[in-house]
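Student: I would like to work through this protein piece by piece. Could you answer my questions one at a time?

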Amino acid sequence: PAARPASAAVNVQVDLGEDFRLRGQGIDTRLTGVLALTANGPLTEMPSLKGRVQTVGGTFRAYGQQLIIQRGFITFGGQISNPTLDIVALRPNYTSDQRVGVQVMGTALLPRVRLYSEPALPDNQTLAWLLLVCSLQRWLRTCLPALQYALWVALGALAGLLACALL
């Protein structure tokens, strides 16, 4: 008679506790939650993982900015390698009620990252708030003149150095 492949029946609850930390790929956060790992059959088959993990605090790096994770859920519906994602990370903003950042939805294998704003703004304005911490119009009105002045001062100093070097 042919040998039957080795099999197992497994049902394990995994509690991440209070000190489980995830670091890498721009994310640094704690995770909490309970997951159920189950398998019933040949050892060659992947086990199933079900449950929901929640972020606790933490940061996410996107668009060159260190964003604060406001909401983060990772839901496992069976397939270990492809949980569902629901994450919102916002740029700290202490001078306005405008909230901007990124929202990650979809699955781990096919995530959808989009700009997020509350109250809602067009993407170009959301990106301006994300990168400049204010609206593009305000930045052009207040920051650009200072930047232009600094460039003129630097160019003047460079011209002076070149003139001295040529004499």
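Student: In which loop is Tyr63 found?

Tutor: This is a predicted model; local features need pLDDT of at least 70, side-chain atom pairs count only at pLDDT 80 or more, and totals for chains, interfaces and linings use all residues. Residues are numbered from 1 along each chain as its sequence is written, and side-chain values use heavy atoms, without hydrogens or water. Helices (H or I, at least four residues) and strands (E, at least two) are DSSP runs, numbered from the N terminus. Tyr63 sits in the loop between β4 and β5.

Student: What is phi of Tyr63 near, and is the residue exposed, partly exposed or buried?

Tutor: Phi is positive here, near 55°, in a residue other than glycine. Accessibility has three classes: buried is under 20% relative accessible area, exposed is over 50%, and partly exposed lies in between (1.4 Å probe, protein chains only). Tyr63 has 43% relative accessibility, so it counts as partly exposed.

Student: Gln25 has a positive phi too. Is Gln25 buried or exposed?

Tutor: Gln25 is not a glycine, yet its phi is about 55°. Its place is the loop between β2 and β3. Relative accessibility is 81%, so Gln25 counts as exposed.

Student: In what order do the elements run from the N terminus on?

Tutor: Start with the tally: the protein has two helices and eight strands. From the N terminus on, the order is β-β-β-β-β-β-β-β-α-α.

Student: What percentage of the 167 residues counts as buried?

Tutor: Take the chain as a whole rather than one strand or loop. Of the 167 residues of the protein, the share that counts as buried is 29%.

Student: How many residues of β1 are buried?

Tutor: Strand β1 covers residues 7–15. That strand is hardly covered. Among its nine residues, the count of buried ones is zero.

Student: Which residue of β3 is the bridge partner of Asn11?

Tutor: Two strands pair if DSSP finds at least two bridges between them. Strands β1 and β3 run antiparallel, with nine bridges joining them. Opposite Asn11, the partner in β3 is Thr38.

Student: How many bridges join β6 to β7?

Tutor: Strand β7 spans residues 99–107. It runs antiparallel to β6. Within that pairing, Thr84 stands opposite Thr107. The number of bridges joining β6 to β7 is seven.

Student: And on to β8: which residue there is the bridge partner of Met105?

Tutor: Strands β7 and β8 run antiparallel, joined by eight bridges. A hairpin of three residues connects β7 to β8. For Met105, the bridge partner in β8 is Arg112.

Student: Val100 is found in β7. How far apart are the C-alpha atoms of Val100 and Leu130?

Tutor: Val100 counts as buried because its relative accessibility is 3%. Along the chain, Val100 and Leu130 are 30 residues apart. In space, their C-alpha atoms are separated by 5.9 Å.

Student: Why does Asn93 count as buried?

Tutor: Asn93 lies in the loop between β6 and β7. Its C-alpha is 9.4 Å from that of Trp129, 36 residues apart in sequence. Asn93 is buried because its relative accessible area is 18%.

Student: Which two residues are joined by a cis peptide bond?

Tutor: Look in the loop between β8 and α1 (123–132), where Pro119 is placed. The omega of the cis bond is about -5°. The residues it joins are Glu118 and Pro119.

Student: Over the face of which residue does Arg52 lie?

Tutor: A charge sits over a ring if NZ of Lys or CZ of Arg is within 6 Å of the ring centre and within 35 degrees of the ring normal. Arg52 is placed at 3.8 Å from the ring centre. The ring beneath it belongs to Phe73.
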